[in-house]
Structures are given as structure tokens and as C-alpha cells.
Amino acid sequence: MSADFDVVDLIRAKRDGRCLPAEAVDWLVDAYTHGRVADEQMSAYLMAVVWRGMSPAELARWTTAMIDSGERLDLAGVGRATVDKHSTGGVGDKVSLVLVPLVAACGVAVPQLSGRGLGHTGGTLDKMESIPGWRADLPVERMCRQLAEVGAVICAAGAGLAPADRRLYALRDVTGTVESIPLIASSIMSKKIAEGTSALVLDVKVGSGAFMTSLDDARELARTMVGLGTAAGVRTEAVLTGMDHPLGRTAGNALEVAEAVDTLRGGGPKDLVEVTVALARVMIELAGTGGARAARDPAEVLAAGDAYPVWRAMVAAQGGDPDAVLPRATHIETVPAPASGYLASLDARAVGVAAWRLGAGRARKEDAVSATAGVRWRAGIGDRVTVGEPLLELHTDDPNTLGRALAALADAVTVTPQPPPPTPLVLDHIRA
Ligand code: URA
């Protein structure tokens with residue numbers, strides 16, 4: 001880094017709504033990554049970004065600086081079109097577990113570098129780690145070999161990939177600075193561009209259980225990320241999907257793996273299948289513009305159970321036993337339906353917080369998560385329910401967690417005498 005800046009001047013500039021010059025952005029990201037800017041200074045800067053935003057030029061430079069903080073993978077050796085998917089985070093969002101083997105079964109290689117959950121949203125790696133023996137950490141050569149042989153990898157992003165994001169995300173999580181379009185967009189896109197995928201589909205979640213609660217904000221986030229990906233040469237599109245209600249029927253690590261396996265075998269809840277198939281179609285189409293062609297529609301492949309052998313191979317390649325019995329909680333508490341009628345709403349954030357309080361998520365990044373904790377709901381939106389019959393199941397190994405989890409769910413359920421109007425799950429599709 002040639003230029004040197006005074007970090008307090010940069011914080012003041014952002015606080016007062018000014019844009020940073022390119023060299024200052026480079027310096028700030030580099031200095032924070034290497035410990036020359038303190039957490040409290042970066043926290044102040046991030047909070048100023050939450051209020052003041054970034055100009056398009058600043059955001060592009062910030063994202064590039066985050067990519068340049070680490071290595072960039074080269075997946076050319078895989079010899080097949082690659083396409084990845086990233087979700088902005090939701091509750092019960094086990095889509096990746098089904099989608100990655102499904103798209104691979106359709107002939108497109110999927111290198112999915114995933115994260116762990118923070119706060120009320122679950123993380124793909126935490127879910128996969130509930131499979132006995134499964135390992136998240138893969139050296140790059142192993143990852144590329146698995147991609148060539150199995151076509152599907154879900155693994156942890158190595159420490160060398162966008163290390164600036166690793167530090168910034170952990171700081172944002174504890175300073176109330178996650179919900180910012182430029183900060184979310186740069187965080188996600190720096191990792192995805194550094195990962196080396198040729199195409200990317202973003203699942204931008206909208207609703208109470210998502211970081212973006214309004215459709216307008218979600219659209220802006222989607223457009224921002226599609227713009228960053230396209231400018232970096234990654235074919236990128238975004239699909240906006242609803243997250244007012246949690247996805248499927250479970251939130252919690254092993255519970256979600258079991259549901260994903262059920263879906264891969266041709267069953268599974270309708271909403272999970274709908275979102276997964278919608279994303280798979282976009283992924284295959286995007287990969288197709290790079291030379292691949294799918295012979296069958298993903299809906300047909302999924303319903304026939306033809307993605308399940310790929311799941312088994314993917315799990316086994318990373319040390320997991322696809323036939324192992326998944327861990328189960330020692331305590332299950334049920335919550336009855338408050339009235340008879342139709343389940344009109346189940347608040348995604350409340351379910352996410354309850355699952356997290358039961359032990360499925362972590363409060364600090366170094367905390368361990370429970371494989372067995374979580375919430376299962378026995379009815380989906382629009383289903384008939386009967387007063388007093390069990391509606392929710394709370395799973396935990398620690399009964400002390402039940403009180404606070406129940407408190408989170410106090411107003412989560414709405415039952416109406418008439419069925420709720422159907423609401424679309426796929427809300428929009430943003431292209432470059
Ligand atoms: N997921 C990320 O990787 N980063 C964010 O900022 C939000 C969701």
C-alpha cells in the first residue's frame with residue numbers, strides 16, 4: 001500500500017456523507033485486515049456506511065479490495081461449466097442441500113463454498129456437520145477433484161478467501177451493521193468472485209426472516225450484487241424469494257438434513273421443492289450460456305429421486321456416512337394450535353430465534369452449535385389445524401432453553417377461519 005491515511009479522517013468523511021477516493025478504500029480494507037485499524041474504528045466506519053451508503057464506484061472498489069485481501073481460486077481445471085448459488089440467509093433454508101446435488105445431477109458442476117450461521121439464520125455448514133463424519137474443510141485440490149468426479153461440493157471457504165470479509169462480517173454481526181445493502185453486497189460478492197465460479201445465482205430472501213424485509217430493498221440488493229458479479233466477469237442473476245414464513249417444515253441442523261434427504265428422495269415439502277427447482281432452472285440456464293446443456297428438467301430429476309445418488313456421493317467424498325442415523329434431541333416439547341381453522345402465518349423470524357435459542361445457532365462465532373436442536377411445524381401455511389392439537393415441536397438436549405424459545409414463539413402463529421390467499425414464493429428475477 002503506497003498511500004497512508006488517517007482513519008479518523010476517513011470515519012469523519014463517511015459520517016458526513018462524503019465518498020472515499022479509491023486509494024483510501026484500498027488502504028482502509030487492507031489496514032483493517034492486517035490489524036492496523038482497530039475494531040472500534042472500523043465499527044464506527046461501518047455504522048457510518050449503514051447511514052450514508054456507498055457510491056457505486058466506492059462499492060466496486062471496496063468489493064475489489066476485499067477480493068484482493070486474499071487468494072482467487074481458478075476452477076478452469078474442473079473441465080465443466082461451474083455455477084454456484086448463494087442465499088442472503090433465511091430460516092429453514094436448506095435449499096443448498098437439495099440444490100447442489102440436483103444441479104450436478106443435471107450435468108453442471110456446483111462449487112459451493114458456504115458459511116456457518118450467525119444470529120437467527122442457519123448456516124449450510126452447520127447443517128451438513130450434523131452428518132456423522134462429514135468434514136467441511138477441503139484443500140483446494142481435493143475440492144477441484146471432487147468437483148470433476150462428483151460434480152458437487154459443499155465446503156468451507158478456506159481462510160485465504162476474502163479474509164477481509166471474515167473479519168468484517170464477524171464485526172458487523174456484533175455491532176448492528178449487517179443490514180446495509182453495500183455491506184451485504186460486498187460481503188457476498190467478494191467471496192463468490194474470489195471462489196472462481198463462472199456463473200452465480202443469488203437467492204435474495206425477502207420478509208420477516210430475512211435481512212431485507214421489503215421488496216424494494218431486496219430488489220436494490222439484488223441489482224447491486226448482479227452488477228458487481230457481471231462487472232467481475234461472473235454471469236450473475238438473482239431470484240427474489242419470500243421469507244415471511246420459514247421454508248419447509250423444519251429449522252435446525254439435523255432436522256433440516258433429514259428434510260433435505262426426504263426431498264432428494266422425491267418427497268419433501270412443496271415450498272422447498274418450488275424454490276429449489278426455480279433456482280436450479282436459472283442455474284442450468286446460466287451454465288448453458290457457458291456451454292453446458294441439461295437434458296432433463298430439474299423438477300423431473302428431483303421427483304424421480306435422481307439427485308439422491310449425487311448427494312450420497314458428495315457426502316461420502318467428504319468423509320460422511322450417508323446411511324448414518326442423524327442425531328436426535330433428548331427433549332421434544334409440543335405447542336398446540338391456538339384455534340381451529342387454517343394456518344395463515346408462521347413468523348419466520350420468531351421460528352429462527354426460537355431454533356437459535358434452543359441451541360441450533362451461535363451467539364458468538366466461536367460457540368458450538370447443537371446438531372439436534374430446532375423447531376418442526378406439523379402444518380404448512382394454508383393447512384387445516386385443530387385447537388389443542390400439537391402444531392409446533394421444539395427439539396433440544398437442554399430443557400433450560402425451552403422457556404426463552406417458547407417466549408420467542410408467543411405471537412408467531414396466526415390461525416384464521418378461512419384459508420389464507422395463496423402467496424407466490426418466487427417474487428422476481430433480476431438479470432444483468
Ligand atoms: N451473507 C453474507 O455472506 N454476508 C452478509 O453480509 C449477509 C449475508
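**Exercise 1. Find out how many cavities of 30 Å³ or more a search of the whole structure gives, and describe the largest cavity.**

Solution. Start with the count: searching the whole structure turns up two cavities of 30 Å³ or more. Keep in mind as you work that this is a predicted model.

Next, take the volume. The largest cavity holds about 150 Å³. Its lining is made of 22 residues, and H120, T121, G122, A355 and A360 are the ones closest to its centre.

Now place these walls on the secondary structure. Two or more lining residues come from each of α6, α11 (253–264) and α15 (348–360). The top contributor is α15, which gives four residues.

Finally, sort the lining of the largest cavity by class: six residues are nonpolar, 12 are polar and four are charged.

**Exercise 2. Work out which pocket the ligand takes up, and describe that pocket.**

Solution. The ligand occupies the space of the largest pocket. That pocket has a volume of about 1,000 Å³.

Then look at what surrounds this space. There are 41 lining residues, and those nearest the centre of the largest pocket are S114, G115, R116, Y169 and K191.

As for the elements, at least two lining residues apiece come from β1 (83–87), α5 (95–105), β2 (110–114), α6 (124–128), α8 and α9. Of these, α9 supplies the most, with six residues.

To finish, split the lining of the largest pocket by class: 14 nonpolar, 15 polar and 12 charged residues.

**Exercise 3. List the residues around the ligand, then find which side chains have polar atoms facing an oxygen or nitrogen atom of the ligand.**

Solution. First, collect the shell, using a cut-off of 4 Å between heavy atoms. The residues around the ligand are H86, T88, Y169, R172, I184, S187, I188 and K191. By class, this shell divides into three nonpolar, three polar and two charged residues.

Second, check for polar contacts, with N or O atoms paired within 3.5 Å. A polar side-chain atom of K191 is 2.5 Å from an oxygen atom of the ligand. For S187, the partner is a nitrogen atom of the ligand, 2.6 Å from a polar side-chain atom. In R172, a side-chain N or O atom lies 2.9 Å from a ligand oxygen.

Third, ask how much of the ligand is covered. On its own, the ligand would expose 240 Å², and the protein buries 92% of that area.

Last, trace the shell back to its elements. Those giving two or more residues to the shell around the ligand are α8 (163–173) and α9 (181–195). The most comes from α9, with four residues. You have met this helix already: α9 also gives the most to the lining of the largest pocket.

**Exercise 4. Describe the second largest pocket by its volume, its lining and its elements.**

Solution. Begin with the volume: the second largest pocket contains about 800 Å³ of space.

Move on to the walls. The second largest pocket has 31 lining residues, with H245, D271, I381, T423 and L425 lying nearest its centre. At least two residues of this lining come from each of α12 (270–288) and β8 (341–346).

Close with the classes. The lining of the second largest pocket comprises 17 nonpolar, eight polar and six charged residues.

Terms used: Residues numbered from 1 in each chain as written. Predicted model: local features only at pLDDT ≥ 70, side-chain atom pairs only at ≥ 80, totals over all residues. Heavy atoms only, no water. Polar contact = N/O pair within 3.5 Å; in protein donor to acceptor, adjacent residues only side chain to side chain. Areas by Shrake-Rupley, 256 points an atom, 1.4 Å probe, with all protein chains shown as cover. 1 Å grid on protein atoms, 1.4 Å probe; cavity = no way out; pocket = protein on both sides within 12 Å on 5 of 7 lines; lining within 4 Å. Sits in = over half its atoms within 2 Å of the grid points. Nonpolar A, V, L, I, M, F, W, Y, C, P; charged D, E, K, R; others polar. Points joined across faces, edges and corners; volume = space filled by probe spheres on them.
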